Amino acid sequence: MNITNPYRQYMYSYPHKTAYRHLDGISLEDYASCLAGPGHGLYLHLPFCRTKCGYCNLFSVTGLEQDPLQIDRYLEAVRRQSLQYQELLKPYQTGFSEVVIGGGTPLLLTEEQLKKVFELLKMHAPCADDRELIIETAPNETSREKLEILKAAGVTRVSMGIQSFSSEELGTLRRQHSAEKAREALTLLKEYGFLCINVDFIYGIPGQTVDSLLASLKEAVLFAPDEIFLYPLYVKHGAGLEQAVRDGMVLHPEEALLQYREASGYLRSEGFRQDSMRRFVRTARTRAYAECGFGASLALGCGGRSYLGNLHFCSPYAVTRQDCMMELQAYEQTEDFTKVTHGILLTDEELKRRYVIRHLLICPGLLLSQYEELFGSGAMEEFPILKDWQEQAYVCQKGGFLSLTEAGMELSDWLGPQLISRAVREKMEEWERRYQ
């Protein structure tokens with residue numbers, strides 16, 4: 001099959017936030033039972049960056065670090081939200097097994113603000129003793145003083161976006177750190193002995209070659225990170241490089257695919273286990289099969305998503321600074337955080353699609369017997385496209401799982417979007433037309 005562009009969409013969740021719409025008459029109280037007992041996820045979004053990377057279309061704003069009081073106001077709103085959630089969840093004895101602090105750039109906060117974040121979570125987010133505490137950082141914001149705070153708070157995993165050790169490639173991506181600063185930050189991270197250190201790299205950058213990508217990865221491997229993520233370069237609506245593409249900057253998906261093949265092969269040869277198209281894990285770190293289709297997760301802050309049964313919700317998706325600031329102000333002025341006003345209610349069909357997407361694109365794949373037990377029907381019968389993919393050798397059955405083959409793994413961003421329903425796709429396209 002001739003595939004001109006294997007990079008259609010990164011399917012990290014389903015449905016995408018651009019399919020969310022205004023909701024009426026829904027309260028978090030009606031869905032609080034989804035968070036009963038232990039084992040749930042908590043996400044805190046800190047949408048602050050010093051500058052916006054050229055490929056970034058995430059919910060974040062720049063320049064607020066120049067006025068710490070603005071960030072303080074945001075943290076006060078987070079405190080009020082977490083207190084309301086805490087009171088609502090008390091009868092359910094909710095326990096969080098994983099807490100993720102993302103952004104934005106969480107370590108952009110001052111040391112005192114960072115301490116305040118961890119104190120807030122400790123007071124209002126009941127966690128298991130063996131919980132995972134995960135945070136993102138960037139090379140320019142990684143200091144000894146802030147890592148001391150992370151260590152004292154019990155952070156277990158730190159993820160840092162390096163993207164490249166090439167100055168030219170960093171410049172193309174409009175990253176503000178230097179290659180040398182990335183080396184310094186990674187050296188410092190290793191010194192503190194966090195249980196897991198993850199680093200991100202990007203391929204498909206204009207001007208990048210297989211050799212330059214491999215040079216970056218070979219240097220990264222010398223630092224012995226626990227995980228490496230490889231991301232293809234996407235330039236979506238609202239990203240800084242969008243205008244550069246309009247002005248003639250060309251992305252070459254066929255070259256990106258060749259780079260991916262060489263890079264993934266290299267990492268496997270260095271002892272990394274490939275868990276998905278993006279994730280490579282040192283084989284010393286075991287991974288048990290886990291259900292990931294129905295887990296409940298609650299978000300704090302503006303821009304973070306909550307997943308509670310068939311209800312997914314968050315603040316309206318925004319990309320430009322003006323729109324993000326408008327949503328931030330609305331968030332800070334919110335009085336009742338238990339009122340859900342923007343999101344999506346998934347039908348049974350959409351829940352099935354989410355389940356297939358969330359499992360098939362990650363090793364070991366979709367456990368067919370578990371799907372049938374949950375839904376009372378067979379995945380292969382309900383989604384005939386899976387049989388087509390099996391005939392085309394993109395997926396195969398082994399050990400009861402429907403799993404991506406090596407050929408299918410590299411096409412994850414082409415296969416996954418084909419499982420989007422027509423209703424969701426129409427909403428996504430409507431959003432794109434509205435904001436272009």
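Glu 410 is buried, at 11% relative accessible area. Buried means under 20%, exposed means over 50%, and partly exposed lies in between (1.4 Å probe, protein chains only). The model is predicted: local features need pLDDT of at least 70, side-chain atom pairs count only at pLDDT 80 or more, and totals for chains, interfaces and linings use all residues. Residues are numbered from 1 along each chain as its sequence is written, and side-chain values use heavy atoms, with hydrogens and water left out.

**Exercise 1.** Find the salt-bridge partner of Glu 410 and place both residues in the chain.

*Solution.*
- Start with the criterion. A salt bridge puts a side-chain nitrogen of Lys or Arg within 4 Å of a carboxyl oxygen of Asp or Glu.
- Glu 410 pairs with Arg 261; their closest N and O atoms are 2.7 Å apart.
- Now locate them. Glu 410 sits in the loop between α14 (406-409) and α15 (412-415), and Arg 261 in helix α8 (residues 253-269). Helices (H or I, at least four residues) and strands (E, at least two) are DSSP runs, numbered from the N terminus.
- The pair links distant parts of the chain, 149 residues apart.
- Check the cover. Arg 261 is partly exposed at 40%, whereas Glu 410 is buried.

**Exercise 2.** Count the salt bridges in the structure, then describe the one between Glu 430 and Arg 21.

*Solution.*
- The total is 22 salt bridges.
- In the Glu 430–Arg 21 pair, the closest N and O atoms are 2.7 Å apart.
- Glu 430 belongs to helix α16 (residues 422-435) and Arg 21 to strand β1 (residues 21-27), with their positions 409 residues apart.
- Glu 430 is partly exposed, at 35% relative accessibility.

**Exercise 3.** Which residue pairs with Asp 275, and which residues share a salt-bridge network with Glu 430?

*Solution.*
- Arg 273 is the partner of Asp 275, with a closest N to O distance of 2.7 Å.
- Asp 275 is buried at 3%. Arg 273 is partly exposed at 24%.
- Shared partners join Arg 21, Glu 430 and Arg 434 into one network.

**Exercise 4.** How many disulfides does the structure hold? Test Cys 53 and Cys 396.

*Solution.*
- A disulfide needs two cysteine sulfur atoms within 2.5 Å.
- The whole structure has zero.
- For Cys 53, the nearest cysteine sulfur is that of Cys 56, 6.3 Å away. Cys 53 is buried, at 15%.
- For Cys 396, the closest cysteine sulfur is in Cys 363; at 10 Å, that is too far for a bond. Cys 396 is partly exposed, at 23%.

**Exercise 5.** Identify the residues of the surface patch of negative charge and the strand that gives the most to the patch.

*Solution.*
- Apply the rule. Patch residues have over 30% relative accessible area and no salt bridge; like charges are joined within 9 Å, nonpolar side chains (Val, Leu, Ile, Met, Phe, Trp, Tyr) within 5 Å.
- Asp and Glu count as negative, Lys and Arg as positive; His and the chain ends are not counted. A charge is placed at NZ of Lys, CZ of Arg, CG of Asp or CD of Glu. Areas come from the Shrake-Rupley method with a 1.4 Å probe; for residues, only the protein chains shown count as cover.
- The members are Glu 98, Asp 129, Asp 130 and Glu 132.
- Strand β6 (residues 127-137) gives the most, with three residues. Glu 132 lies in β6 and is partly exposed, at 37%.

**Exercise 6.** Where does Leu 58 lie, and how far is Leu 58 from Cys 324?

*Solution.*
- Leu 58 is in the loop between β3 (48-49) and β4 (61-62).
- Leu 58 is partly exposed, at 42%.
- Leu 58 and Cys 324 are 266 residues apart in sequence but 9.7 Å apart in space, C-alpha to C-alpha.
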